[in-house]
Amino acid sequence: MARSFPNRQQPGARASDYEYELPPELIATHPAPRREESRLLVYHRADDRVEHRRFYDLPDYLGPDDLLVLNDSKVRPAALATSDGRLEVLLLEETSPQHWVALVKPGARAKPGMRLFFTGADKQIEAEVLKTLPGGERVLRFFAPIDLETMGEMPLPPYIRKRRGVLGESEHTPEDFERYQTVYARQTGSVAAPTAGLHFTPELLARFRHAFVTLHVGLGTFRPVKTEFLADHEMHEEVYSIPEGFEAAYEAATRIVAVGTTSARVLEAAPHLQRGKGRTRIFIHPPYEFKRVDALLTNFHLPHSTLLMLVSAMVGREKLLEIYREAAGLKYRFFSYGDAMLIL
């Protein structure tokens, strides 16, 4: 957990302190034509200076002794609709063979004992609702293995298309299956993309020293904080892993640049950086002081989100909201398919 506000009345202690106005037309519903051509806002903390560049200018700001730390988790195409179209299902985690924790919409219909049917290209799969968890998720038992690569859809955030509920109408394009995935994704398990990495091409990434960690992104990362005070919010648990050789790469670097809030959370949450796996509920918000992350590459985030609060811990809440107002005035594109921000 992050160090909480000693005084709940001070600015930044409430979720409502992380509100800002955003014209709807600035929400990116499609990616930039080319990954590296997205815009890049660069904020220099040392002299409180902002620059406006393109993502392909990133090499201008990184040196040979810097280390980019990226999250190589891959988005699982785990969005499904029942054969009759009445229920929408997002599979979150397979806890044992053919047993999944899932979001079901509308949840009121998904009562224990209910049978669900899903139709693939050449077969039908049946599942049963076993129980409802305290957070509203359902535990589903499938009666046969489900091949999500052929039956599932990419779980795009609802603001990317005009949709209903978790899934909404099927408006996916082949572009979504390619572009809502980093070029270096390799460890399948996320329900949302680590979006700061979407701007990289293999050629651009090859220009930097870099290393990977894995954090399988759950919906808790992206859900808004609904408690009045940040201190009362509890993050959903997420699984992370650190590969062999990462600690040596970390120790050899002079500056650590976390690519995305998920990479930052792994770096700050792991008790050590040796090879291994773990689970974290770390919630980073002001007045947290970063221990391992020196710089951050990130996107522009939703109001009231834990991601916005994490970036506020690095920049300062009032300063970050000021930067967001400037970005909106200059028509930057916001959220998952939007532009990037580099904090130095």
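Mentor: Contact here means heavy atoms within 4.5 Å. Keep in mind that this is a predicted model.

Trainee: Okay, what is Thr262 in contact with, leaving aside its neighbours within four places in sequence?

Mentor: Thr262 touches Asn71, Pro194, Leu215 and Val217. Thr262 itself lies in helix H5, residues 261-269.

Trainee: Why is Thr262 called buried?

Mentor: Its relative accessible area is 3%, and buried means under 20%. So Thr262 counts as buried.

Trainee: What makes helix H6 largely enclosed?

Mentor: Ten of the ten residues of H6 are buried, so the rest of the structure largely encloses this helix. Among them are Thr306, Met309, Ser312 and Val315.

Trainee: And what covers those residues of H6?

Mentor: The cover includes E1, H5, E16, H7 and E17. Just after H6 comes Gly316, with a positive phi of about 105°.

Trainee: Let's go to the sheet. In what order do its strands run?

Mentor: The sheet is open, has nine strands and follows the order E2-E1-E17-E16-E14-E3-E12-E13-E15, with mixed pairing. What makes E2 (49-54) and E15 (276-280) the edge strands is that each pairs on one side only. On average, neighbouring strands are turned by 25° against each other, direction ignored.

Trainee: How do you know that E13 and E15 pair?

Mentor: Pairing takes at least two bridges, and five bridges join E13 (residues 238-242) to E15. The two run antiparallel, and Glu238 stands opposite Thr280 in E15.

Trainee: Which strands does helix H6 touch where it packs on the sheet?

Mentor: H6 touches E1 (39-44), E16 (295-299) and E17 (340-343), and its direction makes about 145° with that of E16. Helix H7 (residues 317-329) packs on the sheet too, touching E1, E2, E16 and E17.

Trainee: What makes E16 mostly covered?

Mentor: Five of its five residues are buried. Ala295, Leu297 and Asn299 point one way, while Leu296 and Thr298 point the other way. In a regular strand, side chains alternate between the two faces of the sheet.

Trainee: How does E16 pair with E14, and how with E17?

Mentor: With E14 (residues 255-259), E16 has three bridges and runs parallel; Leu297 is the bridge partner of Val259. With E17, E16 pairs in the antiparallel sense over four bridges, and Leu296 stands opposite Ile343.

Trainee: Now the charged pairs. Why is the meeting of Arg53 and Asp60 called a salt bridge?

Mentor: The cut-off is within 4 Å, from a side-chain nitrogen of Lys or Arg to a carboxyl oxygen of Asp or Glu. Arg53 and Asp60 meet at 2.5 Å, N to O, so the pair fits that definition. Both also belong to a network of salt bridges with Asp47, Arg49, Glu51 and Asp57.

Trainee: Is Asp60 buried or exposed, and why?

Mentor: Exposed means over 50%, and Asp60 has a relative accessible area of 53%, so Asp60 is exposed. Arg53, at 26%, counts as partly exposed.

Trainee: What about Glu93 and Arg279: which parts of the chain does this pair link?

Mentor: Distant ones: Glu93 sits in strand E6 (residues 88-96) and Arg279 in strand E15, 186 residues apart. Their side chains meet in a salt bridge at 3.3 Å, N to O. Glu93, at 33%, is partly exposed, and so is Arg279, at 46%.

Notes
Residues numbered from 1 in each chain as written. Predicted model: local features only at pLDDT ≥ 70, side-chain atom pairs only at ≥ 80, totals over all residues. Heavy atoms only, no water. Axes fitted to C-alpha atoms, helices over the stretch in contact; angles between N-to-C directions. Buried < 20%, exposed > 50% of the residue type's maximum accessible area, 1.4 Å probe, protein only.
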